[in-house]
Amino acid sequence: MYDDASVMEEGKTVWTLDGWLERVYGAASAAENRRIYDEWADSYDADMSSGGYSYAPMAAGLFGRHVEPGEMPILDAGCGSGLIGAALARLGYANLTGIDLSEGMLRAAERKGVYRDLRRRVLGAPLDFDDGAFRAVVCAGVFTPGHAPPDSLDELVRVTAKGGALIFCCTDAALCEGGFQAKIDALTQAGLWMPTDIAGPVTALSNAEIRHDAMFFVYRR
């Protein structure tokens, strides 16, 4: 653990950004990750801002390139505290649904006032949405060590409408060692989607000691 990963204030441990990152990337289960994110929710936005968080503007830029703004339903999968949803709302995307495994993060997302529906769901498990329910799906900051598995993509493809866009990112570790490249290739070979755009690499938190570079992908259902 980093020597400066936490400090003590009034008898309580206060984690630094790198301390939080070390904890979530090292989580051994979805339940552990959920608990950590519940604890982190109150300071998450400030911590990510101080770390130079870059995924929200990148995701919003790709949305602007490939998805028309308006009332079409959009799924923010692994929405966290709603940073990406807030960016999309400012660009005119008005019908947002968010899912996340952490109730604390969902409460933070709700406070932003940009989602029409928020649900606690775990990526990698079946999702209670109809086939083709969303015109576009975004998933950023989730396909990384200690987080969602490659099989998450099966459900995200299923709930995307024919012709709809899936915009997501994968860290280098998730692609090469976590099985995501094999899953992406299998979905392509099965004809379930086709590649449309790619951007990156993007460093998630340029001001943090713990850094992960990710590639952003756009696939069309």
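## The largest pocket

Ala, Val, Leu, Ile, Met, Phe, Trp, Tyr, Cys and Pro count here as nonpolar, Asp, Glu, Lys and Arg as charged, and the others, Gly among them, as polar. With that split, the lining of the largest pocket in this predicted model comes to 26 nonpolar, 11 polar and three charged residues.

The largest pocket holds about 620 Å³ of space. It has 40 lining residues, and Y37, G78, G141, V142 and H147 sit closest to its centre. Two or more lining residues come from each of α1 (17–25), α2, β3 (74–77), α4 (83–90) and β6 (134–143). Helix α2 is the top contributor, giving six residues to the lining.

## Helix α5 and its surroundings

Now for α5, which covers residues 103–111. Its buried residues are G104, M105, L106, A108 and A109. What do these buried residues pack against? Their partners are α2 (30–50), β4 (96–100) and β5 (115–120). So α2 turns up twice, because it lines the largest pocket and contacts, within 4.5 Å, the buried residues of α5.

Both ends of α5 have something to look at. At the N-terminal end, S102 acts as the cap, with a side-chain oxygen 3.3 Å from the backbone nitrogen of G104. Just after the helix, G113 takes a positive phi of about 70 degrees.

## A cis peptide in β8

Most peptide bonds are trans. The one joining G200 and P201 is cis, with omega at about 5 degrees. P201 belongs to strand β8, residues 194–203.

Methods: Residues numbered from 1 in each chain as written. Predicted model: local features only at pLDDT ≥ 70, side-chain atom pairs only at ≥ 80, totals over all residues. Heavy atoms only, no water. Buried < 20%, exposed > 50% of the residue type's maximum accessible area, 1.4 Å probe, protein only. Helix = DSSP H or I, 4+ residues; strand = E, 2+ residues; numbered from the N terminus. Polar contact = N/O pair within 3.5 Å; in protein donor to acceptor, adjacent residues only side chain to side chain. 1 Å grid on protein atoms, 1.4 Å probe; cavity = no way out; pocket = protein on both sides within 12 Å on 5 of 7 lines; lining within 4 Å. Points joined across faces, edges and corners; volume = space filled by probe spheres on them.
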